[in-house]
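Open your viewer and get your selection tool ready. We will go from stop to stop, and at each one you will hear what to select and what is there.

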Amino acid sequence: MRIIYLFLFAALLFAGCGSDRSKEEQAIKDVINKNNEAENNEDINAYMQTIDKENKNYDQLEEIKSNLYGNFDLNYQVKDVKITQMNDNEAKVQFVQIVKKIKGPSFRDYRLEGIHTMHKIDGQWKIYDTKITNKEYL
C-alpha cells in the first residue's frame, strides 16, 4: 500500500514539474509569435519589447526596422518552432521564418532557419541573440 501512495505522490510531483515547463515553453513561443506579429504590423515598439536590451544589436535594431518598414511591406511567417534547450533563465529555440514581399522595391523572398537564444528577464522571456543557420531564396 505504501508503494502505491509513494508512486502516486511521485506521479503528481512529476506532473506538476511538467506543467511548469509547459508554461515556460508556451511563454517562449508566445514571445516569438508576438515578435512575428509585430513584424507583420510594422510595429517597432511591440517588436522591441520582444528583444533583450543586452542584445548586441539592440541599438541598431530600431533604425534597421524603421528603414525596412518604410521601404517594404513584407509578410513574415514563423513556423516549426522547437525549444531545444531550456533552463530557468535561458533557452535555445530553433525556428523557420519565411519572408515574402507584398509591396516595395526589388526584394528576394526567402526562407531561413535559425536559433534564437532567449533570456528570462524580470519574469519575461526576450530574444537575446539570433543565429541564422540556413537561408535560401524562394
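The tour below starts with the sheet, moves into the core, and then visits single residues and salt bridges. Keep in mind throughout that this is a predicted model.

**Stop 1: the sheet**

Switch to a cartoon view and select the four strands. They form an open sheet in the order 1-2-3-4, with antiparallel pairing. Strand 1 and strand 4 are at the edges, each with a single partner strand, so one side of each has no neighbour in the sheet. On average, neighbouring strands of this sheet are turned by 25° against each other, direction ignored.

Now keep strand 1 and strand 2 on screen. Eleven bridges pair them in the antiparallel sense, and the two form a hairpin with three residues between them. To check the register, pick aspartate 73: its bridge partner in strand 2 is lysine 103.

Next, show strand 3 with strand 4. These two run antiparallel and are joined by twelve bridges. Leucine 112 is a handy marker here, with lysine 135 as its bridge partner in strand 4.

**Stop 2: the nonpolar core**

Select Ile28, Tyr47, Ala91, Val93 and Met118 and show their side chains. The largest nonpolar core has 25 residues, and these five touch the most other members. At least two residues of this core come from each of helix 1 (2-41), helix 2 (44-48), helix 3 (58-71), strand 1 (73-86), strand 2 (90-103), strand 3 (110-121) and strand 4 (124-137). As background, nonpolar side chains tend to be buried together in soluble globular proteins.

Zoom in on alanine 91. Leaving aside neighbours within four places in sequence, alanine 91 is in contact with Ile28, Gln85, Met86, His116, Thr117, Met118 and Trp125.

**Stop 3: histidine 119**

Go to strand 3 and select histidine 119. Is histidine 119 buried or exposed? Its relative accessible area is 19%, and buried means under 20%, so histidine 119 counts as buried. Which side chains make polar contacts with it? The side chain of histidine 119 has such a contact with that of aspartate 52 at 3.3 Å, and another with that of glutamate 90 at 3.0 Å. Beyond four places in sequence, the contacts of histidine 119 also include Asn89, Gln124, Trp125, Lys126 and Tyr128.

**Stop 4: tyrosine 58**

From aspartate 52, step across to tyrosine 58, with which it is in contact. Tyrosine 58 lies in helix 3 and is buried, with a relative accessible area of 18%. Setting aside neighbours within four places in sequence, tyrosine 58 also has contacts with Met48, Ile51 and Lys53. For a distance label, use aspartate 129: it is 71 residues from tyrosine 58 along the chain, and their C-alpha atoms are separated by 9.7 Å.

While aspartate 129 is selected, add Lys56 and Lys131. Together, Lys56, Asp129 and Lys131 are linked in a network of salt bridges.

**Stop 5: lysine 101**

Move to strand 2 and select lysine 101. This residue is partly exposed, with a relative accessible area of 32%. A polar atom of the lysine 101 side chain lies 3.0 Å from the backbone oxygen of glycine 104. Phenylalanine 72 is 29 residues away in sequence, with a C-alpha to C-alpha distance of 7.2 Å from lysine 101. Contacts of lysine 101 beyond four places in sequence are Phe72, Asp73, Leu74, Ser106, Phe107 and Asp109.

**Stop 6: more salt bridges**

How many salt bridges are there to find? The count comes to six.

Begin in helix 1 with arginine 21 and glutamate 25, which are four residues apart, about one turn of the helix. Their side chains meet in a salt bridge of 3.1 Å, N to O. Arginine 21 is partly exposed at 38% relative accessibility, and glutamate 25 is partly exposed at 23%.

Then select glutamate 39 and lysine 65, whose closest N and O atoms are 3.0 Å apart in a salt bridge. This pair links distant parts of the chain, with glutamate 39 in helix 1 and lysine 65 in helix 3, 26 residues apart. Glutamate 39 is buried at 4% relative accessible area, and lysine 65 is buried at 10% relative accessibility.

Finish with arginine 111 and glutamate 113. Their salt bridge has its closest N and O atoms 2.8 Å apart, and glutamate 113 is partly exposed at 29% relative accessibility.

Definitions and conventions. Residues are numbered from 1 along each chain as its sequence is written. This is a predicted model: local features need pLDDT of at least 70, side-chain atom pairs count only at pLDDT 80 or more; totals for chains, interfaces and linings use all residues. Side-chain values use heavy atoms; hydrogens and water are left out. A nonpolar core is a set of buried Ala, Val, Leu, Ile, Met, Phe, Trp, Tyr and Cys residues joined through side-chain atoms within 4.5 Å. Buried means under 20% relative accessible area, exposed over 50%, partly exposed in between (1.4 Å probe, protein chains only). Contact means heavy atoms within 4.5 Å. A polar contact is a pair of N or O atoms within 3.5 Å; within protein, one must be able to donate a hydrogen and the other to accept it, and residues adjacent in sequence count only if both atoms are side-chain atoms. Two strands pair if DSSP finds at least two bridges between them. Axes are lines fitted to C-alpha atoms, for helices over the stretch in contact, and angles run from 0 to 180 degrees between N-to-C directions. A salt bridge is a side-chain nitrogen of Lys or Arg within 4 Å of a carboxyl oxygen of Asp or Glu.
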